[in-house]
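Student: Could you take me closely through one part of this structure, beginning with a buried polar side chain and its partners, and then working outward to the strands and rings around it?

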Amino acid sequence: MPSIRAEFSGTALPTAWTASLKKGGSAKVASDKLTIDFAPVNNTTIYKVDTAVEFVATLSGGVHQLAGFTSAQFITKSDGNLYARSVTSPLSETSLGKGFFGAPHRFRIIWSTGRMQYEVDGQVVADHVWGSMPTQMPLQFADLLASGGGTLVLDWVRVTPYAALGTFTSKVFD
């Protein structure tokens, strides 16, 4: 099991998830998905280096949609492109174009000492070296354009590390 697993079943946000609704915004859990429209949604757990976040999301392509860690995320910008962004000094951004909008994709951000690696559908799309890296970060998923400007839909979110392997010792049979 991953350290955090959110499947978005039922009708409410899972434990340790919060939404800061803006006027007219929403964060709705229905049909095993979380649909975010003009709101940030955070996981209140704080993560440290050697952590990865993986999620399946559908980005509509609306401006200012973001997903991942607070300082390492996939983000849409006003030029209509999706970016892998590492908020470091200096800022590192890699344009991923417009090809990841309108359909679900599997996104992964791997945080290791001194770098962030970004994957989409199992392919590395960006690798950023960090100058000044934060020592801890929470998760954030958001659609920050006014209501009706598009939505961010999450199918599930998982965060490493996964539980350690175990062993099973059976009784001795004579």
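Tutor: The side chain of Glu54 makes a polar contact of 2.6 Å with the side chain of Arg106, and a polar contact of 3.3 Å joins Glu54 to the side chain of Arg108. These values come from a predicted model. Glu54 lies in strand 6, and with a relative accessible area of 12% it is buried, since the cut-off for that term is under 20%.

Both arginines belong to strand 11, residues 105-112, where the side chains alternate: Arg106, Arg108, Ile110 and Ser112 point to one face and are not buried, while His105, Phe107, Ile109 and Trp111 point to the other and are buried. In general, the side chains of a regular strand alternate between the two faces of the sheet. Strand 6, which spans residues 51-59, is joined to strand 11 by seven bridges, and the two run antiparallel; within this pairing, Ala52 stands opposite Ile110. Strand 11 is also joined to strand 12, residues 115-120, by six bridges, again in antiparallel fashion. These two strands form a hairpin with two residues between them, and Gly114 in the turn has a positive phi of about 80°. Ser112 has Arg115 of strand 12 as its bridge partner.

From strand 12 an aromatic contact leads on to strand 8. There are nine aromatic pairs in the model, and one of them is formed by Phe74 and Tyr118, which meet edge-to-face at 5.5 Å centre to centre with 85° between the planes. Because Phe74 lies in strand 8 and Tyr118 in strand 12, this pair ties together parts that are 44 residues apart in sequence. Phe74 and Tyr118 are both buried, and ring pairs link them with Phe8, Trp17, Phe55, Phe107 and Phe141 into a cluster.

Strand 8 also holds Gln73, a second polar residue that counts as buried, at 4% relative accessibility. The side chain of Gln73 reaches the backbone oxygen of Phe69 at 3.1 Å, and a polar atom of that side chain lies 3.1 Å from the backbone oxygen of Thr70. Leaving aside neighbours within four places in sequence, the residues in contact with Gln73 include Ile109 and Tyr118, together with Leu66, Ala67 and Gly68. Gly68 is also the bridge partner of Gln73, in a pairing where four bridges join strand 7, residues 65-69, to strand 8, residues 72-76, with the two running antiparallel.

Strands 7 and 8 take their place in an open sheet of seven strands, ordered 2-5-14-7-8-9-10, with antiparallel pairing. Strand 2 (17-19) and strand 10 (92-97) stand at its edges with a single partner strand each, so one side of each is left without a neighbour in the sheet. The twist averages 20° from one strand to the next.

Two of the clustered rings, Phe55 and Phe141, lead finally to the largest nonpolar core, which has 38 residues, and in which Phe55, Phe69, Phe141 and Val157 touch the most other members. Leaving aside neighbours within four places in sequence, Phe141 is in contact with residues including Trp17, Phe55, Leu66, Ala67, Gly68 and Val157. Leu66, Ala67 and Gly68 are also among the contacts of Gln73.

Methods: Residues numbered from 1 in each chain as written. Predicted model: local features only at pLDDT ≥ 70, side-chain atom pairs only at ≥ 80, totals over all residues. Heavy atoms only, no water. Pairing = 2+ DSSP bridges. Axes fitted to C-alpha atoms, helices over the stretch in contact; angles between N-to-C directions. Buried < 20%, exposed > 50% of the residue type's maximum accessible area, 1.4 Å probe, protein only. Polar contact = N/O pair within 3.5 Å; in protein donor to acceptor, adjacent residues only side chain to side chain. Contact = heavy atoms within 4.5 Å. Core = buried A, V, L, I, M, F, W, Y, C linked by side-chain atoms within 4.5 Å. Phe/Tyr/Trp six-rings, centres within 6.5 Å; stacked < 30°, edge-to-face > 60°.
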